[in-house]
Amino acid sequence: MISPHAPKFRTAPPAPERVARPVLLLSLVTGGLLGLMALVFVWALQLHFESGDRERLSGHLQAARQLIATVDNTAALAALPALLNATFSDERDVAVRVQGGGNQPLFEQGQRAAIPDALLARPSAVAQPGPLVTWVQDGRTWRGAALRQRMPMDGSAPLTVAVAIDIEAHAGFVVRLRWVLLGYVLLATLGFAGVAHRVLRGG
């Protein structure tokens with residue numbers, strides 16, 4: 001019979017150097033997975049914003065395209081800037097530039113956006129706008145697209161229509177979200193490392 005007064009033996013905790021390596025490996029894996037999830041989330045959010053921007057730009061470009069498609073004489077051409085102004089003047093966060101073959105603007109709104117040559121040089125030749133171009137001007141982020149539209153007027157050169165929208169609101173939101181998620185990943189990884197260290201040390 002085992003005496004109730006027999007000495008009890010406790011298993012010695014593992015040496016610190018034997019704990020540090022698995023804790024480090026587990027923490028790296030956890031931090032990597034959380035970081036990957038954060039990156040995927042931000043990427044999906046950016047795609048969502050870009051899709052909305054594309055849809056809005058497409059609507060503005062189609063409105064300008066429809067107006068240009070009605071220009072079949074010089075009187076209609078002379079009236080075109082006023083029609084474009086009536087269409088876009090209420091859109092304070094929208095910049096528009098319509099220019100001919102000589103790169104001279106026929107109509108321009110929102111010069112503060114400084115629509116870049118990279119956008120004007122890549123207009124789409126079909127009904128859908130060309131690739132989106134994003135840039136920063138005077139501390140604000142803009143995104144735009146362009147297309148080329150012919151006028152039903154004999155001897156007329158096609159016009160290039162470029163439209164840009166101010167996306168600083170959601171661009172700034174994405175930047176702030178990145179910092180928040182970075183802090184979350186770091187804190188969660190450190191917290192996991194602390195818990196793993198206690199578990200592996202047996203206490």
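**Exercise 1. A surface patch**

In which helix does Val 40 lie? Then classify the exposure of Val 40 and name the surface patch that includes Val 40.

*Solution.* This is a predicted model, in which local features need pLDDT of at least 70 and side-chain atom pairs count only at pLDDT 80 or more, while totals for chains, interfaces and linings use all residues. Residues are numbered from 1 along each chain as its sequence is written, and side-chain values use heavy atoms, with hydrogens and water left out.

Step 1. Val 40 lies in helix α1, where a helix is a DSSP run of H or I with at least four residues, a strand is a run of E with at least two, and both are numbered from the N terminus. Helix α1 spans residues 16-68.

Step 2. The relative accessible area of Val 40 is 46%. Buried means under 20%, exposed over 50% and partly exposed in between, with a 1.4 Å probe and protein chains only. Val 40 is therefore partly exposed.

Step 3. Val 40 joins Leu 36, Trp 43 and Leu 47 in a nonpolar surface patch with about 410 Å² of accessible area together. Patches take residues with over 30% relative accessible area and no salt bridge, joining nonpolar side chains (Val, Leu, Ile, Met, Phe, Trp, Tyr) within 5 Å and like charges within 9 Å. The areas come from the Shrake-Rupley method with a 1.4 Å probe, and for residues only the protein chains shown count as cover.

**Exercise 2. Two valines of helix α4**

Which class, buried or exposed, applies to Val 174, and which to Val 180?

*Solution.* Step 1. Val 174 is placed in helix α4, residues 168-201, and Val 180 lies in helix α4 too.

Step 2. Val 174 has a relative accessible area of 6%, so it is buried. Val 180 has 54% relative accessibility, so it counts as exposed.

Step 3. Contact means heavy atoms within 4.5 Å. Apart from neighbours within four places in sequence, Val 174 contacts Val 42, Leu 45, Gln 46 and Phe 49. Val 42 is 132 residues from Val 174 in sequence, yet their C-alpha atoms are 7.3 Å apart. For Val 180 and Ala 38, 142 residues apart along the chain, the C-alpha separation is 10.0 Å.

**Exercise 3. An aromatic pair**

What geometry do the rings of Phe 49 and Phe 173 have?

*Solution.* Step 1. Rings of Phe, Tyr and Trp (its six-membered ring) pair if their centres lie within 6.5 Å; planes under 30 degrees apart count as stacked, over 60 as edge-to-face and the rest as tilted. The count by this rule is 1 aromatic pair.

Step 2. The ring centres of Phe 49 and Phe 173 are 6.5 Å apart and the planes stand at 90°, so the pair is edge-to-face.

Step 3. The pair links distant parts of the chain, with Phe 49 in helix α1 and Phe 173 in helix α4, 124 residues apart. Phe 173 counts as partly exposed, at 38% relative accessibility.

**Exercise 4. A hairpin and its loop**

In what sense do strands β3 and β4 pair, and what is the phi of Asp 138?

*Solution.* Step 1. Two strands pair if DSSP finds at least two bridges between them. Strands β3 (residues 133-137) and β4 (residues 140-149) pair in the antiparallel sense, over 5 bridges. Val 136 has Thr 141 in β4 as its bridge partner.

Step 2. The hairpin has 2 residues between the strands. Asp 138 is found in the loop between β3 and β4; although not a glycine, Asp 138 has a positive phi of about 55°. Most residues other than glycine have a negative phi.

Step 3. Asp 138 has 67% relative accessibility, so it counts as exposed.

**Exercise 5. A salt-bridge network**

Which residues are joined with Arg 56 into one network of salt bridges?

*Solution.* Step 1. A salt bridge is a side-chain nitrogen of Lys or Arg within 4 Å of a carboxyl oxygen of Asp or Glu. The structure holds 6 salt bridges.

Step 2. One of them joins the side chains of Arg 56 and Glu 91, at 3.3 Å from N to O. Arg 56 in helix α1 and Glu 91 in the loop between α2 (74-88) and β1 (94-99) are 35 residues apart.

Step 3. Another joins Arg 56 and Asp 93 at 2.9 Å, N to O. Asp 93 is in the loop between α2 and β1, 37 residues from Arg 56.

Step 4. A further salt bridge is formed by Glu 108 and Arg 97, at 3.2 Å from N to O. Glu 108 in strand β2 and Arg 97 in strand β1 are 11 residues apart. Through shared partners, salt bridges join Arg 56, Glu 91 and Asp 93 into one network.
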